[in-house]
Amino acid sequence: MKLITHNILMCNKKGCTKNNFPLRLVVKQYADYEADNAQEYSANLMTRLLEKLDWNALKITVATLPDWGIALPDAVTPELAKDEAFLQSLHMLLVRRQIIDGEMVCPNCERSYEIKNGIANMLLQEDEV
Ligand SMILES: [Zn+2]
């Protein structure tokens, strides 16, 4: 699961409608992959991703992963959005890095969503829908 995916996921458990984003990410294992053709680095791709991204949620999440050694700026300024080195490091973080094993925990109801073999299980039990 990529951080770009984590960036749009929220808890959908019945009755959990507030303070359910971003999910608290617990990483047990991650890996950095080569990008495939569709996701190869381009400044255009990164500009489009940046437009869709909830920067604050990404920043909060990355701050909880100190062993990744990444510190994100408070905001993406127009200058930064054109900075090649910044965009390339963001590509690494959002597109190539994948969480293989871990979980995501709702900050509101504490519901845990498992990540296994790189795939997040967002399915709810019958009594949670
Ligand atoms: Zn929840």
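In the predicted model, the side chains of Asp 32 and Arg 97 form a salt bridge, with an N to O distance of 2.7 Å. Asp 32 belongs to strand β1 and Arg 97 to strand β2, so this pair ties together parts of the chain that are 65 residues apart in sequence. The two partners were also assessed for accessibility. Asp 32 has a relative accessibility of 38% and therefore counts as partly exposed, whereas Arg 97, at 10%, counts as buried.

A search of the whole structure returns six salt bridges, among them the pair just described and the two that follow. The side chain of Glu 34 meets that of Arg 96 at 3.5 Å, N to O. This salt bridge links distant parts of the chain: Glu 34 is in the loop between β1 and α2 (43–52), Arg 96 is in helix α4 (residues 84–96), and 62 residues separate them. Glu 34 is exposed, with a relative accessible area of 67%; Arg 96 is partly exposed, at 22% relative accessibility.

A further salt bridge joins the side chains of Asp 74 and Lys 59, at 3.4 Å, N to O. Here Asp 74 lies in the loop between α3 (55–63) and α4, while Lys 59 lies in helix α3, 15 residues apart. Asp 74 has 63% relative accessibility and so counts as exposed.

Lys 2 presents another arrangement. This residue is placed in the segment before α1. Lys 2 is buried but takes part in no salt bridge, and the nearest side chain of opposite charge, that of Asp 36, is 6.1 Å away. Because a salt bridge requires a side-chain nitrogen within 4 Å of a carboxyl oxygen, the 6.1 Å to Asp 36 does not qualify. The side chain of Lys 2 instead makes a polar contact of 3.3 Å with the side chain of Gln 39. When residues up to four places away in sequence are set aside, Lys 2 touches Gln 39, Leu 94, Val 95, Arg 97 and Gln 98. Of these neighbours, Leu 94 and Val 95 are among the buried residues of α4, and Arg 97 is the buried partner of Asp 32 in the salt bridge.

Helix α4 was examined next. Its buried residues are Phe 86, Leu 87, Leu 90, His 91, Leu 93, Leu 94 and Val 95. The elements that cover these buried residues include α1, α2, α3 and β2. At the N-terminal end, α4 is capped by Asp 83, a side-chain oxygen of which lies 3.1 Å from the backbone nitrogen of Ala 85.

The model also contains a zinc ion, whose protein donors are the SG atoms of Cys 11, Cys 16, Cys 106 and Cys 109, lying 2.3 Å from the ion. The angles among the four donor atoms run from 103 to 116°, and the site is tetrahedral. Along the sequence, the donor residues follow the spacing C-x4-C-x89-C-x2-C. Cys 11 and Cys 106 link distant parts of the chain: Cys 11 is in the loop between α1 (3–6) and β1 (24–32), Cys 106 is in the loop between β2 (97–105) and β3 (112–116), and they are 95 residues apart. Cys 11 and Cys 106 are both buried.

How values were computed. Residues numbered from 1 in each chain as written. Predicted model: local features only at pLDDT ≥ 70, side-chain atom pairs only at ≥ 80, totals over all residues. Heavy atoms only, no water. Donors = N, O, S within 2.8 Å, 3.2 Å for Na, K, Ca; no water. Tetrahedral: all angles 85-135°; square planar, octahedral: opposite > 155°, others 65-115°. Helix = DSSP H or I, 4+ residues; strand = E, 2+ residues; numbered from the N terminus. Buried < 20%, exposed > 50% of the residue type's maximum accessible area, 1.4 Å probe, protein only. Lys, Arg positive; Asp, Glu negative; His and termini not counted. Polar contact = N/O pair within 3.5 Å; in protein donor to acceptor, adjacent residues only side chain to side chain. Contact = heavy atoms within 4.5 Å.
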